[in-house]
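Reader: I'd like to go through this one by asking what earns each label. Can you give me the cut-offs as we go?

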Amino acid sequence: MSARDWIEKDFYRELGVSSDAPDAEVKKAYRKLARELHPDANPGNADAEARFKSVSEAYGVVGDPEKRKQYDEARSMFGRGGFGGGSGFDFGDAFGQQGGGFAGGGGGLGDLFGNLFNRARGGGGGTTARPRRGADVETDVRLDFVEAVQGATVPLRLSSPSTCDTCHGSGARPGTSPKTCQNCGGVGLVSRSQGAFAFSEPCRDCRGTGRIVDDPCPDCGGEGVNTKTRKLTVRIPAGVEDDQRIRLAGQGEPGRNGAASGDLYVRVHVTPHPVFGRAGNDLTLKVPVTYPELALGTTLTVPTLDGSVSLQVAPGTTSGRVLRVRGKGVQRRDGQSGHLLVTLQVAVPTDLNDEAKAALAAYTEATTDFDPRPDLTALVQKARQS
């Protein structure tokens, strides 16, 4: 992709957000589109795969605060419509063909262009041939509740920029090698003067890379990087929480000029359990009980994630009481586990037969001295007396 093509693309439109959208909105839009367009969700759909690549490319720019700033500045210089639209800008000026047009613009212009153009070619940014770390990559996985608590091994299928297998990142056809640019001495920058001003700009011969590839690799077109699908197996540790990110060092985009690769961040989404809840390292469980079970006491058998346990309910236990089952929660990193917190809740029957109604009436007669709400009764009596 040429520098002109890269800047003329409207990455904000690609993501469906405005140019002044906050970073959180940009990320949310990207994650939504990435889930909808991911090749795993659209097997055999070439249009969805192409759109997925375009969305990933857009987020690679506007999802990075520094690169987004540079992109916005470049669009402001050239006009929102790119290089057309009556801006009168000659792109050759950016490479020093007519350097006088920017003599008053400051020496940062060349640095700005170099960062943008190297990024457009799949690199990690920068105007010189110095090693640049690869960009970080983020993907999403969904686990069920039990997998999140106990840990799981999940396969991932990623479509992202990777080091070309044919040239191993050199950009040159196998059997050949890139050579140092003679114009800039491998630095990627050349200096120009215009009157009282001096500024640096990307080398025209090597386009800021510091290297010349005479015989480009046929698979990556001389970039050293191409987009491909790769499979990974990721171990999700026990106790991972919803929306937590797992970092896989060195599994992101490849670095440039021998630099380290970026990292892969796996964001975990946990499907809620129909029965169990979670509070930190503790699991929670609500257990319906009858009034007689609380009043007279009983033994309850309740489920855990790996079996069941028996709980003793003492006579006179109140509704809402929380019983703790030690060690049946989420395993912590120190090897210990959280607890299972069981909340007892009275279940009130909605339909009683005649025998049950008679038994309750008899119970009411036998417990006329029992007031379940003495504090409220006292307030009512006080209000009547006043």
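**Pairing and the open sheet**

Author: Let's start with one pair: Arg-278 stands opposite Leu-283 in S11. Before going further, this is a predicted model, with residues numbered from 1 along each chain as its sequence is written. Local features need pLDDT of at least 70 and side-chain atom pairs pLDDT 80 or more, while totals for chains, interfaces and linings use all residues, and side-chain values use heavy atoms, without hydrogens and water.

Reader: What makes S10 and S11 a pair, and in which sense do they run?

Author: Two strands pair if DSSP finds at least two bridges between them. S10 and S11 have 3 bridges, so they qualify, and the sense is antiparallel. They form a hairpin with 2 residues between them, and Gly-280 in that turn has a positive phi of about 70 degrees.

Reader: How do you know that S11 also pairs with S15, and in which sense?

Author: Same test: strand S11 (residues 282-289) and strand S15 (residues 340-346) share 7 bridges, in the parallel sense, so they pass the minimum of two. One bridge puts Thr-284 opposite Leu-341 in S15.

Reader: What is the strand order in the open sheet?

Author: The sheet has 4 strands in the order S10-S11-S15-S14, with mixed pairing. Strand S10 (277-279) and strand S14 (322-325) are the edges, each pairing on one side only. Neighbouring strands are turned by 35 degrees against each other on average, direction ignored; the axes are lines fitted to C-alpha atoms, for helices over the stretch in contact, with angles from 0 to 180 degrees between N-to-C directions.

Reader: What counts as a helix or a strand, and how many of each are there?

Author: They are DSSP runs numbered from the N terminus: helices are H or I with at least four residues, strands are E with at least two. That gives 10 helices and 15 strands.

**Buried or not**

Reader: Which side chains of S11 point to the buried face?

Author: Leu-283, Leu-285, Val-287 and Val-289 point to one face and are buried; Asp-282, Thr-284, Lys-286 and Pro-288 point to the other and are not. That fits the usual rule: in a regular strand, side chains alternate between the two faces of the sheet.

Reader: Why is Cys-184 called buried?

Author: Buried means under 20% relative accessible area, exposed over 50%, and partly exposed in between (1.4 Å probe, protein chains only). Cys-184 comes out at 10%, so it is buried. Its place is in the loop between strand S3 (179-180) and strand S4 (189-194). Beyond four places in sequence, Cys-184 touches Leu-189, Val-190, Cys-203, Cys-206 and Gly-210, where contact means heavy atoms within 4.5 Å.

Reader: What about Arg-267: buried or exposed?

Author: Buried, because its relative accessible area is 8%. Arg-267 lies in strand S9 (residues 264-271). Leaving aside neighbours within four places in sequence, its contacts include Lys-27, Arg-31, Glu-138, Asp-140 and Asp-243. Across the protein, 39% of the 386 residues count as buried.

**Rings**

Reader: What makes two rings an aromatic pair?

Author: Rings of Phe, Tyr and Trp (its six-membered ring) pair if their centres lie within 6.5 Å; planes under 30 degrees apart are stacked, over 60 edge-to-face, and the rest tilted. The count comes to 4 aromatic pairs. Tyr-12 and Tyr-71 sit 6.0 Å centre to centre with 40 degrees between the planes, so the pair is tilted. It links distant parts of the chain: Tyr-12 is in helix H2 (residues 11-15) and Tyr-71 in helix H5 (residues 65-78), 59 residues apart. Both Tyr-12 and Tyr-71 are buried. Tyr-30 and Tyr-59, at 4.0 Å and 0 degrees, therefore count as stacked. Here Tyr-30 in helix H3 (residues 23-37) meets Tyr-59 in helix H4 (residues 46-62), 29 residues apart.

Reader: Why do you call Tyr-30 and Tyr-59 buried?

Author: Tyr-30 has 12% relative accessibility, so it counts as buried. Tyr-59 is buried too, because its relative accessible area is 16%.

Reader: How do you know that Arg-245 lies over the face of Tyr-265?

Author: A charge sits over a ring if NZ of Lys or CZ of Arg is within 6 Å of the ring centre and within 35 degrees of the ring normal. Arg-245 lies over the face of Tyr-265 at 4.1 Å from the ring centre, so the distance is within the limit.
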